Amino acid sequence: MQIPDWVLSNYFYREMSAVLRWVLLPFLLLAGVTMVAIAGELLRVLGIFDYNILFHNPLMSRLGIIDNVLQVVIAINSIFLILFGIPAAIVQRDLMRTLKRFRLQTSYGITPNLDSEEPYLKAAREVFQSDEKVAVFIFGHTHSAFLRRVGPAGRVVLNTGTWLKLLHRVPVHFGLLPAVYYPSFRLSYFCIEKENNHLVISYVAAPKMPERELTWLQRLMTLGKAPKPPEVPPRTIVDL
C-alpha cells in the first residue's frame with residue numbers, strides 16, 4: 001500500500017534529473033515559509049498590519065541580496081500555491097474521504113498499521129487461556145522482532161522478525177519533500193532452552209549495516225531520525 005509513496009520517493013531523490021531536482025528544491029523547502037508569507041500578506045491587505053512582517057524585519061534586512069532572492073522564490077511559490085495548491089487540497093480532501101470509506105486510511109496515518117502487534121498478541125492471549133501448558137507463543141511475518149510478556153503468569157509472545165532488508169518510511173524535517181525510505185537490517189534469532197523448571201529465551205542479534213544507498217540529500221533531510229532497532233532483552237526466563 002506504500003508502493004506509490006516509495007516510487008515517488010525514489011524518483012525524486014535518485015532518478016529525477018539533478019537539474020530539475022535543484023530547481024524544485026528551494027520551492028519545496030520553503031513551502032512552509034511561503035504559507036507564513038501568504039498569511040502575512042493577507043493581514044497586510046486586511047489592514048491588520050501595515051507591512052508583511054516576514055519580509056520587513058531586522059533579520060531579513062541584514063541578508064541583502066539573499067533577502068531579494070528569498071522574496072522572489074516565495075513570491076513564485078505563493079502564486080503556485082494559490083493557483084494549484086487550493087484545488088489540490090480540495091481534491092486531496094475528497095480522496096481522503098474515499099480512502100476512509102474503503103478503510104484504506106486510518107487515524108494512525110496514511111495507511112493502516114499493517115504491522116500492528118495487537119492482532120498477534122490477541123491470538124496469543126486466546127491460546128494461553130485455552131491451554132495453561134503453553135508458555136511461549138511464536139510467530140513471524142510482521143518483520144519486526146520483539147518479545148512481550150503477557151498476563152500475570154508472565155508468559156511470552158515473541159516475533160522472530162526477518163533477515164530481509166527492511167525499508168522504514170521516515171518523514172523529512174521540513175518542507176514538502178517526499179519521505180525517505182530508510183534501509184536497515186535486523187538480523188536476529190531466539191534460542192529457547194529448558195533449565196530445571198524454567199525456559200530460558202536468549203536473543204541474539206547479528207549487526208549488519210546496509211550498503212550506502214541514501215544520497216546526501218536524503219541523509220540531510222532525515223538527520224537524527226534514523227529508525228532504531230527494537231529493544232529486546234538478551235535473556236528472558238519463563239517459569240514452567
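**Entry 1: β4 and β5**

I began with the pairing of β4 and β5, which is antiparallel and runs over five bridges. The model is a predicted one, and I read every value below as computed from it. For a single bridge I looked up arginine 169, whose partner in β5 is tyrosine 181.

Strand β5 covers residues 180-184, and four of its five residues are buried. I then checked serine 184, which lies in β5. Is serine 184 buried or exposed? Its relative accessibility is 11%, so I noted serine 184 as buried, the cut-off being under 20%. Apart from neighbours within four places in sequence, serine 184 is in contact with Leu164, Lys165, Leu166, His168 and Pro210.

**Entry 2: Valine 170**

On the β4 side I picked valine 170, in the strand of residues 166-170. Valine 170 has a relative accessible area of 5% and is buried. I listed its contacts, leaving out residues up to four places away in sequence: Ala179, Val180, Tyr182, Thr222, Lys225 and Pro227. For proline 227 I also took the C-alpha to C-alpha distance from valine 170, which is 7.9 Å across a sequence separation of 57 residues.

**Entry 3: Sheet β6-β7-β8**

Next I looked at the open sheet of three strands, ordered β6-β7-β8 with antiparallel pairing. Its edge strands are β6 (187-195) and β8 (235-239), each of which pairs on one side only. I noted an average turn of 20° between neighbouring strands of this sheet, direction ignored.

How many bridges join β7 to β8? I found five, with β7 spanning residues 198-206 and the two strands running antiparallel. One pair I wrote down is leucine 199 with valine 238, the latter in β8.

I also looked at the loop between β6 and β7, where asparagine 196 is found. Asparagine 196 is not a glycine, yet its phi is positive, at about 55°. Its relative accessible area is 70%, and I recorded asparagine 196 as exposed.

**Entry 4: Two residues of β8**

I compiled the contacts of valine 238, again not counting residues up to four places away in sequence. They are Ala135, Arg149, Gly154, Val156, Asn197, His198, Leu199 and Ile201.

Threonine 236 also has its place in β8. Its relative accessible area is 5%, so threonine 236 counts as buried. With the exclusion of residues up to four places away, I found threonine 236 touching Leu147, Arg149, Val156, Leu199, Val200 and Ile201. I checked threonine 236 against histidine 198 as well: their C-alpha atoms are 9.9 Å apart, at 38 residues of separation along the chain.

**Entry 5: Nonpolar cores**

Which residues make up the largest nonpolar core? I counted off the twelve: Ala135, Val136, Ala145, Leu147, Val156, Leu158, Phe190, Leu199, Ile201, Tyr203, Val232 and Val238. The elements giving two or more residues to this core are β3 (155-159) and β7. The largest share is that of β7, with three residues. I found a second, separate core of ten residues, among them Phe12, Val172, Val180 and Leu214.

**Entry 6: Helices α1 and α2**

I turned to the helix pair at the start of the numbering, α1 (residues 3-15) and α2 (residues 18-29). Two packed helices are described by the angle between their axes and the distance between the axes. For α1 and α2 I noted an angle of about 115° and axes 10 Å apart.

From α1, the residues in the contact are Tyr11, Phe12, Tyr13, Arg14 and Glu15. They meet Leu20, Arg21, Leu25 and Leu28 in α2. By class I recorded six nonpolar and three charged residues, with no polar ones. Phe12 of this contact is also listed in the second core.

**Entry 7: Whole chain**

Last, I took totals. The chain holds seven helices and eight strands. It has 240 residues, of which 30% count as buried. The accessible surface comes to about 16400 Å², and carbon and sulfur atoms account for 64% of that. Among contacts between residues at least 6 apart in sequence, I noted that 55% join residues at least 24 apart.

Technical notes:
Residues numbered from 1 in each chain as written. Predicted model: local features only at pLDDT ≥ 70, side-chain atom pairs only at ≥ 80, totals over all residues. Heavy atoms only, no water. Buried < 20%, exposed > 50% of the residue type's maximum accessible area, 1.4 Å probe, protein only. Contact = heavy atoms within 4.5 Å. Areas by Shrake-Rupley, 256 points an atom, 1.4 Å probe, with all protein chains shown as cover. Pairing = 2+ DSSP bridges. Axes fitted to C-alpha atoms, helices over the stretch in contact; angles between N-to-C directions. Nonpolar A, V, L, I, M, F, W, Y, C, P; charged D, E, K, R; others polar. Core = buried A, V, L, I, M, F, W, Y, C linked by side-chain atoms within 4.5 Å.
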